[in-house]
Amino acid sequence: MASSYPSQWRSPKVLSGLLCAGLLVLYFIGKGGSPSGAVSIEASSSAMKAAHGASAFGSDQTLKLDAAIAREVRSQLISEVKHLQDNINNGGKIWPPVANLPESQRKRILITGGAGFVGSNLCDRLMMEGHEVIVLDNMFTGRKKNVQHWIGHPHFQMIIGDVVNPLYMEVDQIYHLACPASPPHYQYNPIKTIKTSTEGTLNMLGLAKRVKARMLLTSTSEIYGDPEVHPQPETYWGHVNAIGPRACYDEGKRVAETMMYAYKKQEGVDVRVARIFNTFGPRMHPNDGRVVSNFIIQALQGKPMTIYGEGAQTRSFQYVDDLVNGLMKLMNGDYDMPVNLGNPDEYTIKDFATVIHKFTDTNSTIIHMPATEDDPRQRKPDITIAKSKIGWQPQVAVDEGIRKVRRSGSTSRGERRFGVDSLGLRCG
């Protein structure tokens with residue numbers, strides 16, 4: 001959630017100048033004699049007269065209208081000048097608003113992978129609630145711009161580092177999100193992916209044990225593999241190819257879950273496990289090779305929208321705000337067994353391509369390419385446990401989520417009408 005002020009306004013000198021200018025305007029409005037103030041008020045008054053008809057306003061009405069406009073301008077300027085004045089002492093930084101929690105309620109929270117898609121959206125929520133947030137990210141798939149609007153805030157700390165190395169700090173909670181999640185990224189360096197899920201999880205569990213922190217692991221629906229049970233409940237053990245191209249991610253997450261519950265049973269660590277299904281929303285890089293971003297980029301560029309296989313394979317898509325709500329409910333609730341977090345609304349890939357085609361109003365055609373190896377035929381969460389144990393279910397429908405994405409930003413290539421740079425999908 002970046003500031004609406006232009007970046008060139010954010011220096012202390014410029015903010016001081018704006019403050020002085022605002023105070024001068026307020027002074028002249030109070031006096032009623034400023035040429036610029038008079039012009040502004042008269043212009044507004046003239047516009048309103050023109051809109052309603054000049055004959056509708058007598059001299060008394062005109063004076064009342066001018067006074068009302070002056071009061072409104074003064075009120076808005078006072079509010080804006082106060083906001084600027086509050087932020088001058090922060091080196092000119094203008095951060096999103098945060099709640100003011102008392103020390104007894106404020107938590108110190110670590111998010112590994114916090115500069116990524118889900119991590120940065122989670123970071124926003126925790127910061128706005130008034131907590132202290134530490135982001136740890138090696139920037140393999142994370143991006144600094146995802147959290148740059150918090151840099152310099154007294155409650156925010158950014159660490160460029162890797163979870164495969166031990167970390168020593170005092171925290172109350174650990175959201176362990178670190179791991180590349182898209183097939184092109186996790187298949188780029190399979191050994192590194194496995195080390196992140198295993199050594200990284202061990203290091204975070206070691207930290208949680210030392211400081212008695214609660215730890216949440218973001219696992220994945222990929223642990224179910226190509227499921228033979230549909231929809232997939234948490235009790236399903238899965239159908240996974242242990243040596244296939246997805247195994248570095250699938251098996252890495254399965255081992256990570258095993259480690260979580262081993263530490264719970266042997267060392268008494270307080271753990272939570274979220275099995276995340278496909279998620280889309282702001283801040284995922286558009287070229288990560290996953291279905292939502294692929295379809296939208298291809299549609300906006302007028303290129304054929306590519307479906308691998310017949311398109312009969314199914315997926316369920318949830319909006320990132322729903323996922324963040326689920327993660328926080330799970331972390332702060334009492335239930336400590338795995339929980340599916342996903343939207344049970346199921347689409348075939350072919351039908352989803354049609355939805356994207358509709359919302360982008362594109363001339364692209366839909367073409368079929370050979371199916372990819374080990375691509376699951378169906379994926380849909382059973383969220384009975386999420387509903388009953390943590391009181392969670394998705395609130396944002398897929399079409400509404402796409403509309404939100406459409407309004408959420410712009411791409412560096414200038415594709416502003418759909419906000420491609422801010423769209424993405426986390427394949428869970």
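**Cavities, helix packing and backbone outliers in a predicted model**

Methionine 139 sits in the loop between β2 and β3 (156-160). The model discussed here is predicted.

Visitor: What is the phi of methionine 139 near?
Guide: Methionine 139 lies in the loop that runs between β2 and β3. Its phi is positive although the residue is not glycine, and the value is near 65°.

Visitor: Which two residues does a cis peptide bond join?
Guide: The second of the two is in the loop between β5 (214-220) and α7. Omega at this bond is about -10°. The residues joined are histidine 230 and proline 231.

Visitor: How many cavities of 30 Å³ or more are there, and what is the volume of the largest cavity?
Guide: The count of cavities of 30 Å³ or more comes to two. The largest cavity has a volume of about 430 Å³.

Visitor: Which residues are the closest to the centre of the largest cavity?
Guide: The lining of the largest cavity has 31 residues. By class these are 11 nonpolar, 13 polar and seven charged. The closest to the centre are Gly113, Thr141, Leu177, Cys179 and Pro180.

Visitor: Which element gives the most to the lining of the largest cavity?
Guide: The elements that each supply at least two residues of this lining are α4 (117-128), β2 (132-137) and α6 (190-211). With three residues, the one that gives the most is α4.

Visitor: Which element gives the most to the lining of the second largest cavity?
Guide: The second largest cavity, with a volume of about 30 Å³, has among its lining residues His176, Cys179, Thr196, Lys253 and Ala256. Two or more residues of the lining come from α6 and from α7 (247-267). The lining divides into four nonpolar, four polar and one charged residue. The element that gives the most, with three residues, is α6.

Visitor: Are α6 and α7 roughly parallel or roughly antiparallel to each other, and why?
Guide: The axes of α6 and α7 come within 9 Å and cross at roughly 15°. Angles under 35 degrees count as roughly parallel. The two helices are therefore roughly parallel.

Visitor: Is the crossing of α6 and α7 left-handed or right-handed?
Guide: On the α6 side the contact includes Pro190, Ile194, Ser197, Thr201 and Leu205, and on the α7 side it includes Tyr249, Lys253, Ala256, Met259 and Tyr263. The residues of this contact divide into 11 nonpolar, six polar and three charged. The crossing of α6 past α7 is right-handed.

Visitor: Are α10 and α12 oblique or roughly parallel to each other, and why?
Guide: Helix α10 (residues 349-360) and helix α12 (residues 398-406) have axes 11 Å apart and pack at an angle of about 45°. The limit for roughly parallel is under 35 degrees, while roughly perpendicular runs from 65 to 115. Since the angle fits neither class, α10 and α12 are oblique.

Visitor: How many polar residues are in the contact of α10 with α12?
Guide: The crossing of α10 and α12 is right-handed. Phe352, Val355, Ile356 and Phe359 of α10 make the contact with Val398, Asp399, Ile402, Arg403 and Arg406 of α12. By class, six of the contact residues are nonpolar and three charged, and the number of polar ones is no polar residues.

Visitor: Are α4 and α9 roughly parallel or roughly perpendicular to each other, and why?
Guide: The axes of α4 and helix α9 (residues 320-332) are 10 Å apart, and the packing angle is about 65°. The class from 65 to 115 degrees is roughly perpendicular. The helices α4 and α9 are therefore roughly perpendicular.

Visitor: How many nonpolar residues are in the contact of α4 with α9?
Guide: In α4, Phe117, Val118, Asn121, Leu122, Arg125 and Leu126 meet Val320, Leu323, Val324, Asn325, Leu327 and Met328 in α9. Two residues of this contact are polar and one is charged, and the nonpolar ones number nine.

Visitor: Which residues lie nearest the centre of the second largest pocket?
Guide: This pocket holds about 460 Å³ of space. Elements that each supply at least two residues of its lining are α5 (183-186), α8 (291-300) and β8 (305-308). By class the lining has 10 nonpolar, eight polar and seven charged residues. Of the 25 lining residues, those nearest the centre are Arg246, Gly289, Tyr308, Thr372 and Asp375.

Methods: Residues numbered from 1 in each chain as written. Predicted model: local features only at pLDDT ≥ 70, side-chain atom pairs only at ≥ 80, totals over all residues. Heavy atoms only, no water. 1 Å grid on protein atoms, 1.4 Å probe; cavity = no way out; pocket = protein on both sides within 12 Å on 5 of 7 lines; lining within 4 Å. Points joined across faces, edges and corners; volume = space filled by probe spheres on them. Helix = DSSP H or I, 4+ residues; strand = E, 2+ residues; numbered from the N terminus. Nonpolar A, V, L, I, M, F, W, Y, C, P; charged D, E, K, R; others polar. Axes fitted to C-alpha atoms, helices over the stretch in contact; angles between N-to-C directions. Parallel < 35°, antiparallel > 145°, perpendicular 65-115°, else oblique. Left-handed = near helix turned anticlockwise from the far one by under 90°. Contact = heavy atoms within 4.5 Å.
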